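Visitor: I am new to this one and would like to know how its descriptions are arrived at. Could we go through them step by step?

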Amino acid sequence: MVKYFCCAGLLKSTWDQVCIAFWQRYPNPYSNHVLTEDIIFREVTPTNCLKSRRLLTKTSRAPRWMERYLPKHMARKAYIIEDSIVDPQKRTMTTLTWNISHARLLSVEERCVYQINPDNGSWTEIRREAWISSNVYGLSRAIQEFGLARFKTGVTKTMKGFEYVLAKMQGEMPSRSLTETATDRARETALAAKEKAKDLASQAQKKQYV
């Protein structure tokens with residue numbers, strides 16, 4: 001049994017800008033899990049379409065109950081193949097990605113179509129489909145649910161990463177949400193409190209030896 005997921009997204013930038021950002025979106029603050037990207041081949045077809053294949057290496061921390069099914073050197077990395085075709089005449093870009101590492105445990109195939117938004121020619125819409133499956137007997141449903149939840153989280157980060165790169169391309173300071181700003185401040189406060197606690201502990205220890 002395969003879990004199917006479909007969603008649509010909107011980027012308030014032109015299709016040309018989004019296509020350029022697609023090749024420049026790594027690194028960004030929302031893609032720290034992407035370690036490497038390598039072009040395997042690239043060609044221009046007789047109809048002037050650009051076809052590419054890339055190999056991406058990503059961190060992919062599996063939950064502890066799943067790690068025992070993976071070799072130690074593979075439990076925290078995933079290798080992804082990404083095929084893409086840019087059609088400048090139809091003004092579409094289609095990508096297909098799938099994992100080649102521990103695919104029997106969890107297989108995720110994703111298809112995205114980037115095209116001009118029919119209601120606003122200056123915006124780009126993304127139609128995203130995913131097929132998630134597992135061949136582990138007795139655990140396939142749990143693994144699929146885990147894969148789907150992680151995929152949905154990844155979609156949110158992908159869109160934020162796109163918006164960040166597009167803002168930089170357009171010479172704008174990428175905006176940060178109130179939640180992100182509050183999180184950073186909380187981390188700074190916690191770090192300051194930790195350092196203060198260390199100082200107090202050190203002072204208390206010195207007094208014991210005076």
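What follows is a conversation about the terms used for this structure.

Guide: One caution at the start is that this is a predicted model. The chain has four helices and seven strands, and from the N terminus the order of elements is β-α-β-β-α-β-β-β-β-α-α. Of the 210 residues in the chain, 36% are buried.

Visitor: Why is Phe22 called buried?

Guide: Buried means under 20% relative accessible area. Phe22 has a relative accessible area of 1%, so Phe22 is buried.

Visitor: Why does Trp23 count as partly exposed?

Guide: Partly exposed covers what lies between the 20% limit for buried and the 50% limit for exposed. Trp23 has 25% relative accessibility and therefore counts as partly exposed.

Visitor: What makes the pair of Phe22 and Trp23 edge-to-face?

Guide: Two values are needed, since a pair of aromatic rings is described by the distance of the centres and the angle of the planes. Rings pair if their centres lie within 6.5 Å, and planes over 60 degrees apart count as edge-to-face. By this rule there are five aromatic pairs. In the pair of Phe22 and Trp23 the centres are 4.8 Å apart and the planes stand at 85°, so both conditions are met. Phe22 and Trp23 also belong to one aromatic cluster with Tyr114 and Phe162.

Visitor: How do you know that helix 1 and helix 3 are roughly perpendicular?

Guide: Angles of 65 to 115 degrees count as roughly perpendicular. The axes of helix 1 (residues 15-24) and helix 3 cross at roughly 110° and come within 9 Å. Helix 1 and helix 3 are therefore roughly perpendicular to each other.

Visitor: Which residues meet where helix 1 and helix 3 are in contact?

Guide: From helix 1 there are Gln17, Val18, Ile20, Ala21, Phe22 and Gln24, and from helix 3 Phe162, Val165, Leu166 and Met169. By class, this contact has eight nonpolar, two polar and no charged residues.

Visitor: How does the reach of helix 3 compare with the expected span?

Guide: Helix 3 (residues 140-169) has 30 residues and reaches 42 Å from its first C-alpha to its last, which is close to the 44 Å expected at 1.5 Å a residue. Its buried residues include Gly147, Phe151, Val155, Phe162 and Val165. After helix 3 comes Gly171, with a positive phi near 75°.

Visitor: What makes Ser84 a buried residue?

Guide: The limit is again under 20%. Ser84 is at 5% relative accessibility, so Ser84 counts as buried. Ser84 is in strand 4 (residues 77-87). Not counting residues up to four places away in sequence, Ser84 touches Trp23, Leu50, Lys51, Ser52, Thr94 and Thr95.

Visitor: How far apart are Asp83 and Ser52 in sequence and in space?

Guide: Asp83, also in strand 4, is 31 residues from Ser52 in sequence and 5.8 Å from it in space, C-alpha to C-alpha. Ser52 is among the contacts of Asp83, as are Arg53 and Trp98.

Visitor: Why is Val113 called buried?

Guide: Val113, in strand 6 (residues 107-116), has a relative accessible area of 15%. That is under 20%, so Val113 is buried. The C-alpha atoms of Val113 and Arg127 are separated by 5.2 Å, with their positions 14 residues apart along the chain. Leaving aside neighbours within four places in sequence, Val113 is in contact with Met93, Thr94, Glu125, Ile126 and Arg127.

Technical notes
Residues numbered from 1 in each chain as written. Predicted model: local features only at pLDDT ≥ 70, side-chain atom pairs only at ≥ 80, totals over all residues. Heavy atoms only, no water. Helix = DSSP H or I, 4+ residues; strand = E, 2+ residues; numbered from the N terminus. Expected span 1.5 Å × (residues − 1). Buried < 20%, exposed > 50% of the residue type's maximum accessible area, 1.4 Å probe, protein only. Axes fitted to C-alpha atoms, helices over the stretch in contact; angles between N-to-C directions. Parallel < 35°, antiparallel > 145°, perpendicular 65-115°, else oblique. Contact = heavy atoms within 4.5 Å. Nonpolar A, V, L, I, M, F, W, Y, C, P; charged D, E, K, R; others polar. Phe/Tyr/Trp six-rings, centres within 6.5 Å; stacked < 30°, edge-to-face > 60°.
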